[in-house]
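User: I am new to reading protein models. Please take me through this one with short questions and answers.

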Amino acid sequence: MVDPWLEVEIAVKEREAEGVVRLELTDRRGMELPEFTAGAHIDVEVTPSLTRQYSLCNSPLERHRYVIGVLREQLSRGGSQAVHDSLQVGHTVRIRAPQNHFALDPAASRYILFAGGIGVTPILAMAEHLSGSAKPFELHYCARTRARAAFVRRMALSSFAARVHLHFDDGPPEQRLEIKDVLGGTTDDAHLYVCGPPSFIEYVLQSARARGWPEARLHREFFATSTTNAVSADGSFEVQLRTGCLRNVSDSSVARRTRSSRCVLNRRGTSSERSDDSLLLPIQECAARSRPVGADKCVIRLIEKRNTEF
Ligand SMILES: Cc1cc2nc3c(=O)[nH]c(=O)nc-3n(C[C@H](O)[C@H](O)[C@H](O)COP(=O)(O)OP(=O)(O)OC[C@H]3O[C@@H](n4cnc5c(N)ncnc54)[C@H](O)[C@@H]3O)c2cc1C
């Protein structure tokens, strides 16, 4: 059964970074909100016809508020734009109680947290929790520029400031993420958590796998959305992607080299029809997220190609 809606008030709305607003949601009567665990998100009814998910980024010990950070999506179907442009302090919004599909494994002896861009939101709640529990962890936060990096000031003032490593694309070489050094060997039972653009998540996961990290210790959450049709009689389904889903691909030559607008993936995510190899990874991620139970393969069509986004 779907959780019922809760009504909360927007108590604070502030600019958090370039393109990012922070909202604090509270109960109108000052009551405690349902508890949550680090990595959880809430459904927010941003307009009567649009519901979007937002990760809670405050400490899970707090019961008087939910804090979310919302990036304005340039290719928005309306959700993030409505949060930025229409939701205001004093408004009431409907939310659903927190759910967590990205929970910390309490058995780990050490945690390595990776955040890319707005993917910092659940990672921040994890850092708050781990810091409060005195568990060893380090947090690597990658962003294009400092101005676009949300919650940097909060991190600098936090009790875990010394555990945070900032990596900006436009910063000097010595602050770049050296993932080999961070991942090191696999001798202890550290767990890795990553959230951010699909290409960033894949880079971190592949780097870990290449160093022998077992899948059971790799955890990720994708924010991006895609739409899916139903599974057809032969077990296939079709995913239509706008290339916005791929715009975090870092190699700008990908767009120029991409000729295929169609590829077929089998269940294991390998291509059975030729497509540009470097395009396949982000496509596979989108397809994997969209795949209905029981579907064997998916046909992917790029319905829009916007090279300038790369
Ligand atoms: C668990 C979870 C937690 C999240 N937490 C946060 C958070 O803390 N902060 C945050 O800012 N966002 C978060 N998100 C993302 C958020 O829910 C919204 O998706 C985001 O705000 C964009 O909504 P939108 O309506 O503006 O854009 P949308 O229209 O939903 O577009 C989002 C992206 O999907 C692409 N897209 C649109 N249509 C298609 C399509 N048919 N096929 C493929 N791709 C398509 C767009 O190009 C765009 O890049 C989270 C998502 C999930 C699932």
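**Burial, strands and helices**

User: Is A134 buried or exposed?
Analyst: A134 has 6 other C-beta atoms within 10 Å. A residue is buried if 20 or more other C-beta atoms lie within 10 Å of its own, exposed if 12 or fewer, and partly exposed in between, with C-beta atoms placed from the backbone. So the count makes A134 exposed.

User: What kind of model is this?
Analyst: Residues are numbered from 1 along each chain as its sequence is written. Local features need pLDDT of at least 70, side-chain atom pairs count only at pLDDT 80 or more, totals for chains, interfaces and linings use all residues, and the model itself is predicted.

User: How many helices and strands does the chain have?
Analyst: Helices (H or I, at least four residues) and strands (E, at least two) are DSSP runs, numbered from the N terminus. By that rule the chain has seven helices and 15 strands.

User: Where is A134, and what is its phi?
Analyst: A134 lies in the loop between α2 and β8. Most residues other than glycine have a negative phi. A134 is not a glycine, yet its phi is positive, near 55 degrees.

User: Which residues does A17 touch beyond its neighbours in sequence?
Analyst: A17 sits in strand β1. It is buried, because 22 other C-beta atoms lie within 10 Å. Two residues are in contact if their C-beta atoms, placed from the backbone, lie within 7 Å. Not counting residues up to four places away in sequence, A17 touches A147, R148, A149 and A150.

User: What distance separates the C-alpha atoms of A17 and F151?
Analyst: F151 is in the loop between β8 and α3 (152-157). F151 counts as buried, with 24 C-beta neighbours inside 10 Å. Along the chain, A17 and F151 are 134 residues apart, but their C-alpha atoms are separated by 7.6 Å.

User: Which residue of β2 is the bridge partner of I10?
Analyst: Strands of a sheet pair through backbone hydrogen bonds, either parallel or antiparallel. Two strands pair if DSSP finds at least two bridges between them. Strand β1 (residues 5-17) and β2 run antiparallel and are joined by seven bridges. In β2, I10 is partnered by L25.

User: Which residue of β5 stands opposite V21?
Analyst: Strand β2 (residues 20-26) is mostly covered, with five of its seven residues buried. β2 is also joined to strand β5 (residues 66-71) by six bridges, and the two run antiparallel. Opposite V21 in β5 stands V70.

User: What is the strand order of the open sheet of five strands?
Analyst: Strand β7 (residues 111-116) and strand β10 (residues 191-195) pair in the parallel sense over five bridges. One bridge joins I112 to L192 in β10. The open sheet of five strands has parallel pairing, in the order β9-β8-β7-β10-β11.

User: Which strands stand at the edges of this sheet?
Analyst: An edge strand here has a single partner strand, so one side is left without a neighbour in the sheet. The edge strands are β9 (164-168) and β11 (218-221).

User: How many of the 13 residues of α2 are buried?
Analyst: Helix α2 (residues 120-132) lies across β7, β8 (137-143), β10 and β11. Its buried residues include I123, L124 and M126, and the buried set packs against β4 (50-55), β5, β7, β8, β10 and β11. The helix is largely enclosed by the rest of the structure, because the buried count is 10.

User: What span should helix α5 have?
Analyst: The expected span of a helix is 1.5 Å times one less than its number of residues. Helix α5 (residues 198-210) has 13 residues, and its end C-alpha atoms agree with the expected span, which is 18 Å.

User: Which domains does the largest nonpolar core lie between?
Analyst: A nonpolar core is a set of buried Ala, Val, Leu, Ile, Met, Phe, Trp, Tyr and Cys residues joined through C-beta atoms within 7 Å. The largest has 59 residues, and L56 and Y111 are among those with the most contacts inside it. α2 gives the most to this core, with seven residues. Domain bounds come from an automatic or database domain assignment, and both domains give residues to the core, so it lies between domain 1 (5-96) and domain 2 (111-221).

How values were computed
Axes are lines fitted to C-alpha atoms, for helices over the stretch in contact, and angles run from 0 to 180 degrees between N-to-C directions.
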